[in-house]
Amino acid sequence: MSAYLNTRVSLFRGRLWRDEDLDSLIKVPDSAVADTLVQHGLPQLAAGYDSHGRQHDPRSLEHRIIAQLLDETRVLIRPLSGDARAFLTIWTARFEMSNVKTLLRSKMSDERPASVLARLIPMGTFGRLDNQDLAHAEDVGELLRRLEAGPYASIVRHARRAFEQSQDPFNLDAALDRGYYESLILRAQPLENSVGTSFRSLMAHLIDRINLVWLLRYRFNYKLPPAQVYYLLVGSHYTLPSTRLRELAALESLEAVLAELPASWQAQLSGITDIPGVFTRMEHAAAAQALQVLRADMPDIARAFAYLILRERDLRGVRAVLRGRHLGLGDEDIRLALHRAPEERI
Amino acid sequence: MLGAEPLLRIQLVMLASEAQDAALTLARFGIFNPADCTLEALAESPASAYREAWLEAQARLTKLLQQCGDTGPLILPEAAEAPALADLQELNHWLQDAWVSCLAGHENQVEINDALNHLDALEDTLARLERLNVDIAHLLRLNSLLAFNIGSLPATELRRVTEALSMTAHLVTRFDQVGEQVYTVIAGPRARHDEVRGLLAQAGWRELPIPDELRTHPQAARTWLEAERARLSIQSDRATQTLDTLRKQFDPRLHEARLRVALARPLAEAALAGVRGKGGLAALSGWIPRIQLDALRTSLDARFNGRYWLDQREPLSSETAEVPSLMRYPGWLKPFVPMVKSYGVPRYGEFDPALPFALVYLLLFGAMFGDVGHGGVILLLAIALSRRVGRMAWVGVAAGAASMVFGVLYGSIFGNEDIIQPLWLSPMHDPVRVLKMAVGFGVGFIAFTLLVNARNQWVAGRVGQALFDSTGIAGLVFYLGAAGWLASLIGVTEFAQPASWLFGLGLAGVGAYKWFEAKAGLGERMLVTAMETLEAGISLFSNTLSFLRVAAFSLNHVALALAVFALANGLDAAGHGITLVLGNIVIIVLEGGIVAIQVLRLMYYEGFSRFFSGDGIEFVPLSLSPERYKA
């Protein structure tokens with residue numbers, strides 16, 4: 001099993017996109033888009049392009065990207081069992097949480113069930129929700145109660161309480177997001193103990209980035225009070241533990257927060273003055289770490305997780321290029337949207 | 001019995017206004033599997049609105065039936081017609097109104113229950129606050145420098161809320177817990193109280209409303225609580241009465257709604273596969289057994305008097321993967337079918353392994369658990385449980401009988417080999433022969449699976465794979481050569497020379513095919529060819545050795561029985577009897593169960609995985625019964 005996963009991850013590694021690959025996708029003629037995508041193991045995306053390279057349905061690009069990710073996760077999860085399988089399963093549940101949010105918003109806006117069902121991400125074998133049943137709930141309250149009787153009860157229960165008290169969609173989304181990532185950490189903990197630092201480092205980069213970006217966004221974009229900001233962050237035991245997050249949430253400016261970060265982070269974030277910049281730099285750091293884990297002789301589940309992190313980032317890049325081409329943007333604008341650091345090489 | 005029934009692809013074009021009746025007729029016909037319509041000229045989807053309305057109506061009807069209870073058995077009259085779209089939409093609106101009325105009543109009842117629970121909590125809280133000796137009125141006065149909140153939040157959030165509130169100089173004191181809710185007092189400077197409102201809302205904080213009545217003498221507070229409870233009790237009775245009235249009011253129409261939703265189901269289900277149309281025309285497409293074509297025409301003529309057009313054709317080779325498989329089995333074989341289907345459904349045109357599965361399963365079970373006594377007990381148990389387990393009891397009866405037959409061949413009754421002489425051999429006295437027989441059977445079984453796989457590949461048009469792959473004819477030649485050569489080596493046969501030729505020929509064929517199939521650079525191609533050929537050889541070898549378990553379990557059976565006898569012989573008369581009975585129960589339950597699973601494993605992994613893709617589509621006829629679709 002271990003050899004199988006190791007080989008699979010190594011083979012998949014060859015599909016990752018280098019910067020020059022993305023650059024060539026920007027430049028290739030329309031008729032060669034499908035071939036380029038197939039060469040990089042993206043048949044799901046290539047299927048959306050006709051012989052003239054035009055996309056039939058721009059909205060389904062998201063769905064096709066996720067279908068591709070789920071396909072690859074399905075292959076990687078096959079030989080896994082126990083904690084590793086449970087972890088990768090909940091990793092894919094992000095997409096189903098997105099479906100939950102779509103369903104909730106559809107009930108708030110009184111959207112027709114058929115219309116919202118068409119917008120949901122097809123989860124295939126990873127799907128744990130009965131979307132038909134949920135889409136036919138009469139209102140948000142009924143939907144939340146149905147969700148609470150399902151596999152995501154622990155995540156939804158708190159969100160329902162928060163929503164019932166405030167009727168604020170922001171509270172609902174924030175509670176779902178926090179609940180999801182805390183469940184992910186819970187599932188990651190046994191693996192951190194058994195697999196070791198390689199896996200922990202990937203989780204640390206992921207959760208620390210989420211917490212820092214959320215903190216900055218809630219504090220300085222939404223102007224929430226420090227106590228509420230701290231409450232909305234994911235309970236973490238990585239580089240930014242709870243005590244550190246409390247201190248950071250109490251600061252009054254983005255610069256002050258960045259100045260209080262660990263020294264190594266300050267070096268990474270030097271020159272950054274806005275929140276998207278923080279996200280991009282931290283994502284680069286996470287990608288570099290994932291790349292290091294993927295290349296090294298690390299435990300299989302850590303390499304598989306690293307691959308999935310990198311693959312998702314790649315697919316976001318591919319999506320940016322395809323969207324840019326579809327909208328007729330210039331090459332430089334598309335490159336700008338990619339935000340990929342030049343030093344990253346597979 | 002060894003493959004799916006030949007099907008025809010049909011396209012039924014009719015007036016769009018009669019599409020629901022056409023679908024109903026096909027559902028009543030009971031042997032039509034809908035599929036996507038491929039008529040390019042008919043680009044519209046006239047039934048999608050119908051399906052949407054039906055889904056909504058179905059969902060609301062289910063919820064209403066859960067609320068109001070079943071309306072009795074549903075009998076669909078022969079002459080009943082399916083509702084048109086407008087009728088269905090009107091029904092849907094009525095169901096929506098009915099559900100909203102029911103929901104309001106239900107929510108009212110939930111609110112009353114919540115209020116009653118809240119009163120309970122309030123009563124407990126009052127008792128606790130009394131014990132704390134706190135003047136609540138003083139605590140909650142508005143002109144104090146400190147602001148207080150008394151209420152509850154989920155226990156899981158307490159630590160985080162306490163940490164967050166400490167950032168705004170607020171203290172949290174827990175004083176009670178009911179279920180997963182902790183009751184707390186939050187105190188902090190009134191000047192900073194606004195900062196915590198958002199946080200408390202986010203944390204699911206529920207303020208404990210402390211009415212004026214509760215802020216007085218405890219005796220007065222209790223009197224108020226009792227009055228409140230009586231008021232809620234009256235409200236609850238009224239809510240129940242309202243719901244009962246609604247149920248009585250809805251019941252007749254609800255039954256009619258069930259009838260109409262059931263009659264609308266066929267078109268709604270067919271729409272899922274794809275009903276196409278244009279203008280006033282609609283087309284249903286799907287699969288029917290070839291021999292049923294004339295019967296279908298007769299049904300359609302009787303209903304539509306020629307107002308339809310029916311086209312039929314044979315399945316195309318390019319669409320084999322999409323053709324459903326309709327299998328028919330004799331009654332005695334049916335109990336074994338679920339065990340095959342739990343692995344997968346045969347593709348259309350693929351060999352159906354149900355018959356060989358049943359025969360080999362019984363053969364192996366008998367060989368591994370051969371005992372007249374134990375087999376007899378299994379047989380009798382299966383007969384005794386036949387009412388409870390239904391048709392599956394037949395598997396137990398057949399397995400018990402097979403075990404008895406092998407018991408006679410082995411000369412074993414409840415593990416005792418001294419009562420009857422073996423007709424064939426005693427595993428314990430001739431273990432090497434048993435091992436050889438098991439491996440020999442394994443070679444035959446694997447050769448059979450390779451042959452079947454070659455046949456399946458050939459039928460599917462994959463000639464190269466059928467002839468040269470490691471699971472095709474070349475693999476079979478390679479395998480038989482290797483098996484013959486090894487058999488000659490240990491002196492079982494004397495065909496070393498021709499066997500080695502066969503082995504070389506098969507190996508060359510498999511290697512060449514792998515080389516041809518590997519689309520990669522030279523180095524990777526060589527590596528892939530070498531690895532995959534080696535893997536095929538190792539896999540066939542290890543799969544063959546897997547059959548040693550047949551011999552191992554037949555020996556194990558005797559060994560277990562000997563162990564029971566040895567234990568029993570060391571005890572007095574009563575202990576002897578009890579040990580024999582208990583020991584035999586253990587053998588039947590434990591060993592019998594393990595053997596049943598091991599045989600299944602052999603069939604799945606050494607058999608099915610070699611030739612049976614199991615990714616076929618089950619033939620699911622359009623039907624009036626919802627259970628068919630769930631299946």
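In chain B of this predicted model, B:Phe148 stands opposite B:Ala187 of strand β5(B). This pair belongs to the junction between strand β3 (residues 146-154) and strand β5 (residues 181-189) of chain B, two antiparallel strands joined by nine bridges. Elsewhere along the junction, B:Leu153 has B:Val182 of β5(B) as its bridge partner. Strand β3(B) also pairs with strand β6 (residues 206-207) of chain B, again in the antiparallel sense, through two bridges. In that pairing B:Ser152 lies opposite B:Arg206 of β6(B).

These pairings form part of an open sheet of four strands in chain B, ordered β4-β5-β3-β6 and paired antiparallel. Its edges are β4 (171-178) and β6 of chain B, each of which pairs on one side only. Helix α5 (residues 158-166) of chain B packs on this sheet and touches β3, β4 and β5 of chain B. The direction of α5(B) makes about 160 degrees with that of β4(B). As a general point about such strands, the side chains of a regular strand alternate between the two faces of the sheet.

A further set of pairings in chain B is centred on strand β1 (residues 7-15). Strand β1(B) pairs in the antiparallel sense with strand β8 (residues 281-289) of chain B over nine bridges, and B:Leu7 stands opposite B:Pro289 in β8(B). Strand β1(B) pairs as well with strand β9 (residues 308-313) of chain B, also antiparallel, over six bridges. There the bridge partner of B:Arg9 is B:Arg313 of β9(B).

The strands described so far are part of a chain whose secondary structure comes to 21 helices and eleven strands. Of the 631 residues in chain B, 37% are buried. Among contacts in chain B with a separation of 6 or more, 77% are between residues 24 or more positions apart.

The helices of chain B offer an example of packing. Two packed helices are described by the angle between their axes and the distance between the axes. Helix α11 (residues 372-384) of chain B and helix α20 (residues 573-611) of chain B cross at roughly 85 degrees, and their axes come within 11 Å. The angle therefore makes α11(B) roughly perpendicular to α20(B). The contact brings B:His374, B:Val377 and B:Ile378 of α11(B) against B:Ile587, B:Ile588 and B:Gly592 of α20(B). By class, the residues of this contact divide into four nonpolar, two polar and no charged.

Helix α20 of chain B also holds B:Leu602. This leucine, B:Leu602, counts as buried because 22 other C-beta atoms lie within 10 Å, and the cut-off for a buried residue is 20 or more. Apart from its neighbours within four places in sequence, B:Leu602 is in contact with B:Leu364, B:Ser546 and B:Gly607. The partner B:Leu364 is 238 residues away from B:Leu602 in sequence, yet their C-alpha atoms are 9.3 Å apart in space.

In chain A, helix α2 (residues 19-27) packs with helix α19 (residues 331-338) at an angle of about 145 degrees, and the axes of these two helices are 10 Å apart. The crossing of α2(A) past α19(A) is right-handed. From α2(A), the contact is made by A:Leu22, A:Ile26 and A:Lys27; from α19(A), by A:Asp331, A:Ile334, A:Arg335 and A:Leu338. The contact of α2(A) with α19(A) has four nonpolar, no polar and three charged residues.

The two chains meet in a contact that takes 24 residues from chain A and 24 residues from chain B. On the side of chain A, at least two residues each are supplied by α7 (113-119), α10 (153-166), α11 (169-195), α13 (226-232) and α14 (242-249). Helix α13(A) provides the largest share of that side, six residues. By class, the side of chain A that touches chain B has 13 nonpolar, eight polar and three charged residues.

Definitions and conventions:
Residues numbered from 1 in each chain as written. Chains lettered and ligands numbered in written order. Predicted model: local features only at pLDDT ≥ 70, side-chain atom pairs only at ≥ 80, totals over all residues. Axes fitted to C-alpha atoms, helices over the stretch in contact; angles between N-to-C directions. Left-handed = near helix turned anticlockwise from the far one by under 90°. Contact = placed C-beta atoms within 7 Å. Nonpolar A, V, L, I, M, F, W, Y, C, P; charged D, E, K, R; others polar. Parallel < 35°, antiparallel > 145°, perpendicular 65-115°, else oblique. Pairing = 2+ DSSP bridges. Buried ≥ 20, exposed ≤ 12 C-beta atoms within 10 Å, placed from the backbone.
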